[in-house]
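Thanks for asking me to look this one over. Here are my notes, as numbered points, to read with the model open beside you.

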Amino acid sequence: METMKKTDITRADNYMEICFSAKSENEGLARMLVASFLADFNPSMEEMGDVKIAVSEAVTNAVIHGYEGNAENGEEIHMICARKEDDLYLVIEDAGKGMEDIRQAMEPLYTTRPDLERSGMGFSFMEAFMDRLEVESEPGKGTKVLMQKRIQGAKQQN
């Protein structure tokens with residue numbers, strides 16, 4: 001995957017960065033912001049839905065697992081959306097507890113929070129609905145989820 005680095009974002013056709021409190025109620029905000037950013041691509045309803053679900057899962061993972069639902073000390077989620085030609089790049093990052101075993105965390109049905117009736121399908125949904133998914137994490141330092149999706153509607157616009 002062509003990982004979007006901070007220096008690459010300024011070379012994207014368009015980009016947006018935002019930080020918001022790591023609270024579950026901000027999952028809807030993240031979905032709305034990404035949907036607004038994506039509207040310029042002229043996506044299909046399916047593409048729009050796919051991206052919104054993937055963003056929702058990534059933000060929910062940051063809130064529930066990264067920060068364990070505790071945003072009392074100003075914990076934030078950093079989100080970047082970038083467009084490069086027909087591709088949408090998303091970065092959702094937290095500075096939470098991180099993961100020791102990314103591969104295990106990405107297994108379908110694996111969850112560290114069965115007490116909250118979590119299904120363990122977040123990464124599976126991200127993989128299914130996006131074209132590419134990369135996860136970087138370090139225990140005690142947080143997790144960065146990088147996703148990419150080619151938007152077919154963007155071709156019709158050009």
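1. Let me begin with strand E5 (142-150). Seven of the nine residues of E5 are buried, so the rest of the structure largely encloses this strand. "Buried" here means under 20% relative accessible area, "exposed" means over 50%, and "partly exposed" is in between (1.4 Å probe, protein chains only). Helices (H or I, at least four residues) and strands (E, at least two) are DSSP runs, numbered from the N terminus.

2. A word on where the values come from. The model is predicted, so please keep in mind that local features need pLDDT of at least 70 and side-chain atom pairs count only at pLDDT 80 or more, while totals for chains, interfaces and linings use all residues. Residues are numbered from 1 along each chain as its sequence is written, and side-chain values use heavy atoms, with hydrogens and water left out.

3. Which strands pair with E5? E3 does so in the antiparallel sense over eight bridges, and E4 does so, again antiparallel, over seven bridges. Two strands count as paired if DSSP finds at least two bridges between them. On the E3 side, Tyr89 stands opposite Gln148, and Val91 has Leu146 as its bridge partner. On the E4 side, Leu133 stands opposite Met147. The hairpin of E4 and E5 has three residues between the strands, and Gly140 takes a positive phi near 80 degrees there.

4. Stepping back to the whole sheet, five strands form an open sheet in the order E1-E2-E3-E5-E4, with antiparallel pairing. E1 and E4 stand at the edges with a single partner strand each, so one side of each has no neighbour in the sheet. Neighbouring strands are turned by 10 degrees against each other on average, direction ignored; the axes behind this angle are lines fitted to C-alpha atoms, for helices over the stretch in contact, and angles run from 0 to 180 degrees between N-to-C directions.

5. The largest nonpolar core has 35 residues, of which Val55, Ile77, Met79, Leu90 and Met147 touch the most other members. Such a core is a set of buried Ala, Val, Leu, Ile, Met, Phe, Trp, Tyr and Cys residues joined through side-chain atoms within 4.5 Å. Elements that give two or more residues to this core are E1, H2, H3, E2, E3, helix H5 (122-129), strand E4 (132-138) and E5. Which element gives the largest share? That is H3, with eight residues.

6. Leu90 is a good residue to click on. Leaving aside neighbours within four places in sequence, Leu90 is in contact (heavy atoms within 4.5 Å) with Val34, Val51, Val55, Ile80, Cys81, Met130, Val145, Leu146 and Met147.

7. Helix H2 (residues 27-38) makes a handy check on geometry. At 1.5 Å a residue, its twelve residues should span 16 Å, and the end C-alpha atoms are 16 Å apart, so the two agree. The expected span is 1.5 Å times one less than the number of residues. The buried residues of H2 are Glu27, Ala30, Leu33, Val34, Ala35, Phe37 and Leu38. These pack against strand E1 (14-21), helix H3 (45-66), strand E2 (76-84) and strand E3 (87-94).

8. Is Met32, also in helix H2, buried or partly exposed? Met32 counts as partly exposed, at 47% relative accessibility. The C-alpha atoms of Met32 and Lys52 are separated by 8.0 Å, although the two residues are 20 apart along the chain.

9. Two residues deserve a look at their backbone angles. Asn42, in the loop between H2 and H3, has a positive phi near 60 degrees without being a glycine; this residue is partly exposed, with a relative accessible area of 39%. Glu85, in the loop between E2 and E3, has a positive phi of about 55 degrees and is not a glycine either. Glu85 counts as exposed, at 59% relative accessibility.

10. Finally, the chain as a whole. There are six helices and five strands, following the pattern α-β-α-α-β-β-α-α-β-β-α along the sequence. Of the 158 residues, 47% count as buried. Among contacts with a separation of 6 or more, 69% join residues 24 or more positions apart. The chain exposes about 8,500 Å², and carbon and sulfur atoms supply 45% of it; accessible areas come from the Shrake-Rupley method with a 1.4 Å probe, and for residues only the protein chains shown count as cover.
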